[in-house]
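Colleague: Could you take me slowly through one part of this model, starting with a helix and working outward to what lies around it? I would like to follow the reasoning as well as the numbers.

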Amino acid sequence: MSSTSIDSLLHEKRRFAPDPDFAANAVAGTELYERAADDRLAFWAEQARDLVHWHRPFTETLDWSKAPVARWFGDGELNVAYNCLDRHVLAGHGDRVAIHWEGEPGDTRSLTYAELTVEVKRAANLLASLGVGQGDRVAIYLPVIPEAVIAMLAVARLGAVHSVVFGGFAAESLRARIDDAGAKLVITADGAYRKGKVLPLKPAVDAALAAGETTVEKVLVVRRGENEIDWTAGRDLWWHDEIAPMSDEHDARGFEAENPLFILYTSGTTGKPKGILHTSGGYLTQVAFTHKNVFDLKPESDVYWCTADVGWITGHSYVVYGPLANGATQLLYEGTPDTPHPGRWWELIEKYKVSIFYTAPTAIRSFMKLGREIPQKFDLSSLRLLGSVGEPINPEAWVWYREIIGGGTAPIVDTWWQTETGAIMISALPGITTTKPGAAQVPLPGISVDVLDEEGAHVGKEAGGLLVLTEPWPSMLRGIWGDEQRYKDTYWSKFANTYFAGDGAHLDEDGDVWLLGRVDDVMNISGHRLSTMEIESALVSHELTAEAAVVGAHDDTTGQAVVAFVILKGRLAGTVTPQEASDLLRAHVAEQIGAIARPRQVFVVEELPKTRSGKIMRRLLQDVAEGREVGDTTTLTDTSVIRIISDTMK
Ligand code: PRX
């Protein structure tokens with residue numbers, strides 16, 4: 001985040017008290033805070049009993065003796081899919097719509113809880129017939145179609161582990177994730193609709209699996225794009241052919257609370273993406289608790305819509321597990337916000353009478369740019385609560401969201417959390433909290449947050465520092481897949497017995513938390529984390545590049561944008577113009593990692609600013625990329641480098 005946007009956050013003094021009518025009917029009450037403050041563990045145990053069905057009740061709440069690996073509700077047993085499906089049907093809600101799905105071209109499909117349960121049972125039988133059992137890893141590389149949810153729940157139902165890979169990632173990234181998890185099955189689609197065209201997916205799976213020996217035995221292919229694809233006999237199977245003969249009877253057995261549920265990869269500061277591991281009982285408890293209370297969910301009447309792709313943590317926790325555990329009715333939309341017209345999202349809100357809407361600041365800012373006339377053409381009066389996630393929301397976007405989308409009345413919940421935390425950690429509670437535009441504000445009941453200085457001391461009010469979580473929480477990650485040491489080093493080594501989140505934060509005069517962005521070399525592009533290091537590796541894997549440095553520079557729409565500085569190999573430098581080199585390298589990164597990582601700009605430079613010990617000074621490059629006066633250069637070996645780079649950019 002640039003210093004100017006931090007300034008505007010910290011000078012924000014507008015306050016929005018809860019509407020009394022909303023407060024009178026709110027799901028969450030202040031007694032949640034009181035109970036959690038009184039006895040945090042008893043509070044979580046109550047939530048776990050209240051919100052989750054246990055095949056075998058737990059007696060033990062938290063075992064922290066093997067810290068930093070937690071065991072929550074360790075002697076209990078549950079089936080996560082049963083909790084999201086069968087129990088709602090058994091409770092008489094089988095006819096309630098679980099998912100209203102809308103494809104980008106406008107095709108639709110609605111599934112009630114009874115229908116979704118049947119689909120998942122058949123899919124579970126299919127996966128079991130392919131040899132998937134407890135603990136096996138299944139990679140899911142699908143667009144946002146009902147089969148994505150069905151596949152995730154079918155894997156969960158068998159006690160197996162899913163690793164969903166966002167459909168925007170390229171073959172190389174997919175392969176790295178398949179290998180790291182040792183997946184035996186991949187579930188994909190022929191193609192997906194994106195911006196009016198069919199984006200092929202299966203060819204990326206083919207390319208990924210062609211690269212040497214693999215653990216993958218079978219590839220299940222959902223027909224969606226109807227694009228032509230290659231077929232590997234014996235390995236590839238059509239989903240619709242295979243599922244047709246499957247029985248719709250499937251008994252969900254209980255698995256222990258700590259049975260792994262999924263791995264989801266996220267970027268770190270160094271090295272390959274980290275496979276964040278989540279388990280069952282604690283995760284389900286906290287996603288259900290937060291989904292219910294933060295979004296004020298009334299499952300009988302609300303229509304909930306979270307715009308995230310299922311390939312990100314927000315899609316896991318607040319499209320799949322939270323809403324379905326709570327028996328919510330939700331909208332699932334395959335496409336982009338602006339296809340076939342820029343009012344597509346608002347049209348969907350009007351059509352489905354969406355009442356709870358959860359999206360990211362980057363989307364809100366791009367709508368602001370298009371102008372209020374577009375949303376104002378639609379009836380958005382069904383909306384009664386708005387959520388934001390992914391990055392700090394600038395106060396102007398917050399106020400626009402409230403006024404133009406929320407009709408000036410809908411409360412906004414700005415929810416801070418991470419892939420690692422599994423569920424929302426810091427957020428206003430609607431009907432209780434007086435909200436402040438731009439601040440996530442208060443830790444949820446049962447969550448312990450602090451802001452520390454570099455030495456580990458509490459910073460006090462009206463001061464900034466590093467955000468930490470001081471007590472274990474039910475949906476916390478249980479580790480990094482296959483790399484326990486990296487788990488300890490990344491999150492638990494900076495401060496003793498304290499989880500280091502990697503975010504800067506400020507406490508205001510009330511002690512409320514204002515998030516200020518990452519403090520490490522991780523960028524936040526449109527609410528998605530990307531590491532500078534991964535993109536630098538992609539750049540240097542191109543034959544033109546000798547050296548590369550990447551920074552996240554402020555961008556009005558996407559929050560941050562990728563800006564790269566590259567030195568070309570001497571013998572090749574004369575063979576291309578800087579513009580050609582930039583075009584080639586931008587395309588190369590998109591091909592290696594995925595379009596989200598494509599640099600906004602690639603600057604060809606003669607040298608990079610380095611410290612005497614040889615470390616690239618990204619901070620200076622960030623100053624340059626953001627057009628700021630360059631900060632402290634005292635440790636720089638050669639100060640003329642910066643001037644030369646700045647000149648190149650003019
Ligand atoms: O920097 C914080 C930012 O997103 C990071 C987590 O990214 P990821 O694991 O991809 O999960 C995104 C969705 C939960 C955090 O370390 N972040 C997320 N939400 C907020 C936020 N920053 C400020 N305010 C938020 N509400």
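Modeller: Happy to! A word on terms first: a helix here is a DSSP run of H or I with at least four residues, a strand is a run of E with at least two, and both are numbered from the N terminus. Please also keep in mind that this is a predicted model.

Let's start with helix α8, residues 146-157. With 1.5 Å for each residue, its twelve residues should span 16 Å, and the end C-alpha atoms are indeed 16 Å apart, so the expected and modelled lengths agree. As for its surroundings, twelve of the twelve residues of α8 are buried, so the helix is largely enclosed by the rest of the structure. That goes for charged residues such as Glu147 and Arg157 as well as for nonpolar ones, among them Val149, Ile150 and Leu153. Just after α8 comes Gly159, with a positive phi of about 75 degrees.

Helix α12 makes a nice companion. It covers residues 281-294, and its 14 residues should span 20 Å at 1.5 Å each; the end C-alpha atoms are 20 Å apart, which agrees. Here 14 of the 14 residues are buried, so α12 is mostly covered. Asp296 follows α12, and its phi is positive too, near 55 degrees.

Now to the sheet. Eight strands form an open, mixed sheet in the order β12-β11-β8-β6-β7-β14-β15-β23. At its edges are β12 (236-238) and β23 (479-480), each pairing on one side only. Further in, β14 (residues 260-266) and β15 (residues 274-279) pair in the antiparallel sense over six bridges. One bridge you can look for joins Thr266 to Lys274 in β15.

Another helix, α9 (residues 171-181), lies across β6, β7, β8, β14 and β15. Relative to β6 (137-141), α9 runs at about 165 degrees.

Finally, let's turn to the ligand. There are 23 residues around it, and those that come nearest are Pro392, Trp416, Gln418, Thr419 and Leu515. The elements that give two or more residues to this shell are α13 (313-325), β20 (412-415), β24 (499-507), β25 (513-518) and β27 (528-531). Strand β24 has the largest share, with three residues. By class, the shell holds eight nonpolar, ten polar and five charged residues.

Note on methods: Residues are numbered from 1 along each chain as its sequence is written. This is a predicted model: local features need pLDDT of at least 70, side-chain atom pairs count only at pLDDT 80 or more; totals for chains, interfaces and linings use all residues. The expected span of a helix is 1.5 Å times one less than its number of residues. A residue is buried if 20 or more other C-beta atoms lie within 10 Å of its own, exposed if 12 or fewer, and partly exposed in between; C-beta atoms are placed from the backbone. Two strands pair if DSSP finds at least two bridges between them. Two residues are in contact if their C-beta atoms, placed from the backbone, lie within 7 Å. Axes are lines fitted to C-alpha atoms, for helices over the stretch in contact, and angles run from 0 to 180 degrees between N-to-C directions. A residue is near a molecule or strand if its C-beta atom, placed from the backbone, lies within 6 Å of it.
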